[in-house]
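Please open the model in your viewer and keep the selection panel at hand, since the tour moves from one selection to the next. Each stop says what to pick and what can be found there.

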There are 2 protein chains.
Amino acid sequence: MEEMRANDPSRRTWVNVEEGSDFPIQNIPFGIAGLETKESVIVTRIGDWVMRLDVLATEGFFDSTGIPREAFESASLNDIMLGKAEIRALRNRISDLLEVNNEILRDDHDLLDSCMVRLEKCRMQLPVSIGDYTDFYSSREHATNVGTMFRDPDNALLPNWLHLPVGYHGRSSSIIVSGTDIRRPHGQQKPEDGPPVMGLSKLLDFELEMAFITFDGKPLGQSISTDEAENYIFGMCIFNDWSARDIQKWEYVPLGPFLAKNFASSMSPWVVTLDALDPFRTSSPKQDPEVLDYLKYTGDKNFDIELEVFIEPTSGTENRVCLSNFKHLYWNMSQQLAHHTINGCNIRRGDMLASGTISGPEPTSYGSMLEISWKGTKPIKLNDGTERKFIQDRDSVIMRAHCNNGSTKLGFGEVRTRVLESK
Amino acid sequence: MEEMRANDPSRRTWVNVEEGSDFPIQNIPFGIAGLETKESVIVTRIGDWVMRLDVLATEGFFDSTGIPREAFESASLNDIMLGKAEIRALRNRISDLLEVNNEILRDDHDLLDSCMVRLEKCRMQLPVSIGDYTDFYSSREHATNVGTMFRDPDNALLPNWLHLPVGYHGRSSSIIVSGTDIRRPHGQQKPEDGPPVMGLSKLLDFELEMAFITFDGKPLGQSISTDEAENYIFGMCIFNDWSARDIQKWEYVPLGPFLAKNFASSMSPWVVTLDALDPFRTSSPKQDPEVLDYLKYTGDKNFDIELEVFIEPTSGTENRVCLSNFKHLYWNMSQQLAHHTINGCNIRRGDMLASGTISGPEPTSYGSMLEISWKGTKPIKLNDGTERKFIQDRDSVIMRAHCNNGSTKLGFGEVRTRVLESK
């Protein structure tokens, strides 16, 4: 496989990229843009420019990557997600074309006109046609907070939590892209006294998560080891796992959350490759008790990704309500994938596996309103003077993610969702 | 919409159909067959003949159905599943072509040669490209048995059970078609004393279920009422929701079953349309307490479908271990779909919603070995002299389903799965 030369921190580009942009030449994420002239186009992003890969593929620029030209005509990234080697070759090739001294594209004004589009002219779409979606529960701080609130502070973690990355199946159909409004859901709720009632959720919440997207896995009946796992991961995005706490409370015993979650989950539109995140590797929290062999791993499998959540009320500006970090996660992605397949379960190209709420140790790093407001007992004040225990109608929730190791800084953009009153 | 003339019990066909076949002219199910000459073909079945719809579509026979000819060239049924009206028109048209006095096909020997294939020459495949898969838990008898065994016989049903059709998300990738062997899964288990261990599941079980497959639903944010629900249902099949009880016990609190289920689920290859099941409508068990408005319905929404489970050990013949009926279900499909969408969750073409284990009131009608052997305390004897508490390596589990109202008899064929030792 090629080296990750696109990660060279000294690379500069001939494109005008604003200082501090999430999308320097070291990023090269992938997405799907809707344009005036074409409904869905495979693109990358550099600064505030979107670059059409379909146009460049037609010219033969990606013939060396092993990805056929026709694949770039697709309306989802799935058709180019052939594997780690192909995506690395593609990202390197794009990086080369954008490199400051490379004149091929830089000096071809006709080609530039047809392949470079200003971001504001694009409607970003769901990047991947998602097959199965799994949600984990991998933040010890989050699980401890939930256990403390709802069960026993002295035995906050359930017995299995330290032995396996707890996860459950979610719903793919209602995964939406940043910028898509959602409606407050209806659902059954159970008042303290009296029978269940139907009504609007009053306890609408976000969950700060990241998700990863897979390449083709192994056939049904085979497992992926922690050593192999990263070869099956295409990239990551920010994920808001919307949750209706009142619906959840009544429905979730014994088979888990269902309608409390599947009304909507929001993802950021740019898939940042695992290759691009390589410079931001870091160690994970020590696991004690020792995990079973199939969950052991070597090397740094976690990533230092700073995460922020903002609430923007209709009459105000952004309020940061959470500053967390992906590196807090107790279970890493390689362990999640090894666990998911240890029974022979197959993963497919375009599956999505989310982290679960990523809370840190401090109250300012809690990744849901449930924890931030401690079940509604500690409302927070916004800069327009209003208070929040949970999310209100017309609030926008914005999540952002950045990496910075001193020599390279890059980011994921954002996932932004506004809550509308229900019809 | 057309009448369901294909349901006329007096219709006979020019095809030689064995008396008592699951596939008389009143059935007309849909499936995907692999042939020597073509990998995947859309077909129907009459008796032990498989009829190629791709060939007939090319000849223009289905132009009046509203389904474009190209759709019949697909490798999954999804492309012809345009809606209830189109599928009804297609089924009626096929029935007309097979009707005893219709000479169009009957007397065209060249066409017959190219469209009729003996069943034994077909490898039946997964009929539908499944999007999201949801599993319900809608048998009161099953939920009561489980609650009695694992919790409290006096409070066997959890508080929410009588108020909503409890359901959870499952895994699509590992749904396989009848005839596909599975391997006994590995997984974490927790001995009574001591830390968790990794090992082969010792408590491998089937769950007797039926599943339905949907047409396109409504956009995200809208709900489907019980009155509308059947318009969104394409058809049904038999479903074996394989379960590893020892893995399940350790993992499922608090987020539900995960690796205990997603190693494999087996479905029968023929989708029997809801139209074909219309003559077998029946009432449901009375629901007390009264359900909330969105779960109320009018008319008979349940179906009288006799269900059987057999174990065939490697050294013996079939042993029937369960005789149950779909009509026992407390929550019907229309209620399941109304509940699933009450929060605005969208369903898509090709989604699958399964019933949960269908147990009846008698021990002979229990739909899982967990219940039949009562947690392994009451082993059953097979006709080769061996005993079973759960499923052993090299056992085949076979499920069959039939309807018979006196004037029409039809069936679903079978779902058959053999368990191999793990590698």
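A salt bridge here is a side-chain nitrogen of Lys or Arg within 4 Å of a carboxyl oxygen of Asp or Glu, and by that rule there are 3 salt bridges between domain 1 of chain A and domain 2 of chain A. Please keep in mind throughout that this is a predicted model.

**Stop one: the two domains of chain A**

Begin by colouring residues 5-125 of chain A as domain 1 and residues 133-420 as domain 2; their centres, taken over C-alpha atoms, are separated by 29 Å. Where they touch, domain 1 of chain A contributes 30 residues and domain 2 of chain A contributes 29 residues. Together the two domains bury about 2,300 Å², with 59% of that area on carbon and sulfur atoms.

Next, select A:Asp22, A:Met81 and A:Lys84, which supply 29% of the area that domain 1 of chain A buries against domain 2 of chain A, more than any other three residues. Stay on A:Lys84 and add A:Asp275, for the side chains of these two residues meet in a salt bridge with an N to O distance of 3.9 Å.

If you then display polar contacts across this domain interface, the rule finds 11 residue pairs, both members at pLDDT 80 or more. On the domain 1 side, show strand S2 (41-46), helix H2 (84-98) and strand S5 (123-125) of chain A, each of which supplies at least two residues to the surface touching domain 2; the largest share, 4 residues, comes from H2(A). Coloured by class, that side of domain 1 has 14 nonpolar, 10 polar and 6 charged residues.

**Stop two: chain B against chain A**

Now bring both chains into view and select their contact, which takes 50 residues from chain B and 50 residues from chain A. Chain B and chain A bury about 5,100 Å² between them, 62% of it on carbon and sulfur atoms.

How many salt bridges are counted between chain B and chain A? The count is 4, and a pair to zoom in on is B:Asp132 with A:Arg171, whose side chains meet in a salt bridge at 3.5 Å, N to O. The polar contacts between the two chains come to 29 residue pairs, both members at pLDDT 80 or more.

Finally, on the side of chain B that touches chain A, pick out the elements that each supply at least two residues, among them strand S6 (133-136), strand S7 (167-169) and helix H9 (333-341) of chain B. S7(B) gives the most, with 3 residues, and by class this side of chain B divides into 28 nonpolar, 17 polar and 5 charged residues.

Methods
Residues numbered from 1 in each chain as written. Chains lettered and ligands numbered in written order. Predicted model: local features only at pLDDT ≥ 70, side-chain atom pairs only at ≥ 80, totals over all residues. Heavy atoms only, no water. Domains from an automatic or database assignment. Contact = heavy atoms within 4.5 Å. Buried area = accessible area lost by both parts, 1.4 Å probe. Polar contact = N/O pair within 3.5 Å; in protein donor to acceptor, adjacent residues only side chain to side chain. Nonpolar A, V, L, I, M, F, W, Y, C, P; charged D, E, K, R; others polar.
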